[in-house]
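Dear colleague,

I am passing on the structure that we discussed, and my notes on it come after the file. Please read them with the model open beside you.

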Amino acid sequence: MGKVTDIIDEGKINGILEKTKSPNKEKVLEILTKASLQKGLDLEEIGYLLHTKDKDLWKQIFSIAKSIKEDIYGERLVFFAPLYISSYCVNDCEYCAFHCRNNIPRKKLTLKEVEEQTKQLIDMGHKRLLLEFGEHPTNDIDYIIDVIKTIYATKHRNGEIRRVNVNIAATTVEDYIKLKEVGIGTYQLFQETYHRETYEKMHPRGPKSDYERQLFAHDRAFAGGIDDIGLGVLFGLYDYKFEVLSLVSHAQYLDQKYNVGPHTLSVPRFQPADTVDIKLEHAVSEEELLKIIAILRLAVPYTGMIISTREKPETRSMAFEIGISQTSAASCTSPGGYGKEKNLEQFNLSDHRNLGEVIEGIMQQGLLPSFCTACYREGRTGEDFMHIAKPGEIHNLCRPNAILTLKEYLIDYATPEVKNLGEKIIEKYLAQISDKGNRRKETEERLERIEKGERDLYF
Ligand code: SF4
Ligand code: SF4
C-alpha cells in the first residue's frame with residue numbers, strides 16, 4: 001500500500017513546526033492573501049498560521065475563513081444523526097467508554113431494533129445517519145450490510161433515511177466492496193492521533209493497536225470503490241499543531257493519489273466518559289478548537305467540515321460561522337438510545353437540545369438548515385463532486401436543495417414557531433438563488449409540489 005511517510009512524515013512535520021514557530025506579521029499577511037484566493041495552503045504556510053499569536057491577525061484569519069465558507073458552501077448547514085448499533089468491542093481505546101476492559105452490559109441492536117431506532121430518527125426529521133459499530137466478531141460485515149439494508153428499507157409516515165454514512169473499523173478491500181455495493185454515502189474513519197507513539201499508547205491492545213492498519217484503511221476503501229471518505233482527529237490526545245499538519249498531509253496525499261480529497265474532516269475534542277481515566281497533556285481549549293477550524297477552512301477550502309454535539313451550543317454556533325458545513329444534532333451515543341432505552345454512552349455530550357431547538361438556533365443566526373442528500377443520490381461523489389466543489393460552485397446546488405428539504409421539515413416535523421421562522425428563512429434565500437438556468441423558478445415550483453404532498457425533490 002505504500003509507506004507511512006507518504007502520508008505522515010513525522011520528521012518533516014516536526015521540522016515545519018520548528019521552522020514556523022515565530023512567524024512575522026508580513027509573512028502571515030502574505031499567507032492570508034494567498035488563502036483568500038481559496039486555493040488552499042501548503043504545510044509550511046499552515047505551520048505559520050498555527051503559531052500566530054497576534055490578535056488582529058487572528059481577526060483576519062477568522063474573517064477569511066467565514067468568507068471562504070460562505071463562498072464555497074453558502075449559508076447552508078447539513079444535519080445528520082449518529083446511530084450507535086453495537087457497543088461490543090475488542091479494542092481498548094483509552095478515550096472510549098466501550099473499551100474492552102469496561103465490564104458493563106453490552107448492547108447490539110437486532111434488525112427489528114434498528115428499524116425502531118430508524119423510525120425514532122425519522123420522526124425527529126432526520127434524513128442522514130452516521131452508523132457507529134464497535135469492532136467485534138459479532139459485528140461482522142454481513143450484519144453491517146443487513147443493518148444498512150434495514151435502514152434504507154424503513155419508510156415511516158412522510159419520511160425515510162436517504163443517506164447512510166458509515167463508521168466501521170478499518171477492514172479489508174473485500175468488505176469495502178460490500179459497503180460500496182449496499183450504497184453507503186461517506187466512509188468515515190479517524191486516525192484519532194497521527195502521532196505514532198501516542199497512538200500506540202492510546203491503543204494498547206486489539207486490532208486497532210496497528211497504526212498502519214488504521215492509516216491505510218482509506219486506501220483500501222478507495223481500492224474497494226468507495227470515493228467519499230471522511231478523515232478526523234480526536235483533539236486532545238497529542239499536540240494539536242502536529243495533528244492539524246498531519247490531517248492536512250493525509251488529505252493532500254489522498255488528493256494527489258486519487259484526485260479526490262476527503263469529503264469531510266471532523267474535529268472532535270476528547271470528552272470524559274465512564275471508566276475513562278486518561279490525563280490529557282494536550283487538552284485543546286474552545287478558543288484553540290475554533291482556531292483549528294478556521295485554519296482548516298483556509299487550508300482545504302473545498303472540504304466539508306463536521307462538528308458534533310460534544311461541543312456546547314455557543315461553541316457550535318461560532319464554528320458554524322467560520323467553517324463547519326455539517327453537524328449532528330439531538331444525538332445519542334448509546335445503542336438503542338433514541339426513545340426509551342438508556343445504555344452506556346460512548347462519551348459525554350455538551351449540546352442536549354432537541355433537533356427543533358438546534359434548527360431554530362441556527363435560523364436565528366441567519367443560517368439555512370439542510371437535510372439534503374442529493375449529491376450522493378445523483379452520483380455526484382468522488383471526482384465528480386470535487387469538480388463542482390473545488391471551483392466553489394457547489395452552493396448553487398446546496399442552496400435550493402437546502403430550501404426544499406427545510407420545507408419538508410417545516411411541514412412534517414416543526415412546531416408553529418419554528419415553521420414561522422423557517423418560512424422567512426426560505427423566502428430570504430429563495431430570493432438569493434441565481435435565476436440562471438431557471439433554477440429559482442424551478443425551486444418555487446418544487447416548493448409548491450411539496451406543499452401539495454410530494455416529497456424528496458432535489459437538484
Ligand atoms: Fe471500540 Fe471504537 Fe471505542 Fe475504540 S473507539 S473502544 S474501537 S468503540
Ligand atoms: Fe451536500 Fe450536495 Fe446537498 Fe450540497 S447539494 S448539501 S454538497 S449533498
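The notes below cover the ligand site, one helix and one residue.

This is a predicted model, in which local features need pLDDT of at least 70 and side-chain atom pairs count only at pLDDT 80 or more, while totals for chains, interfaces and linings use all residues. Residues are numbered from 1 along each chain as its sequence is written, chains are lettered from A and ligands numbered from 1 in the order in which they are written, and side-chain values use heavy atoms, with hydrogens and water left out.

Around ligand 1, with a heavy atom within 4 Å of it, are Cys89, Asn91, Cys93, Tyr95, Cys96, Phe98, His99, Gly134, Lys208 and Gln346.

Helix H6 (a DSSP run of H or I, at least four residues, numbered from the N terminus) covers residues 111–124, and its end C-alpha atoms lie 20 Å apart, which agrees with the 20 Å expected for 14 residues at 1.5 Å a residue (1.5 Å times one less than the number of residues). Within H6, Glu113, Val114, Gln117, Thr118, Leu121 and Ile122 are buried, that is, under 20% relative accessible area with a 1.4 Å probe and protein chains only. After H6 comes Gly125, with a positive phi near 115°.

Ile292 belongs to helix H13, residues 286–299, and is buried, with a relative accessible area of 0%. Beyond its neighbours within four places in sequence, Ile292 is in contact (heavy atoms within 4.5 Å) with Phe235, Tyr240, Val244, Val267 and Val284. Of these, Val267 is 25 residues from Ile292 in sequence and 8.3 Å from Ile292 in space, C-alpha to C-alpha.

Best regards

Conventions:
Helices (H or I, at least four residues) and strands (E, at least two) are DSSP runs, numbered from the N terminus. Buried means under 20% relative accessible area, exposed over 50%, partly exposed in between (1.4 Å probe, protein chains only).
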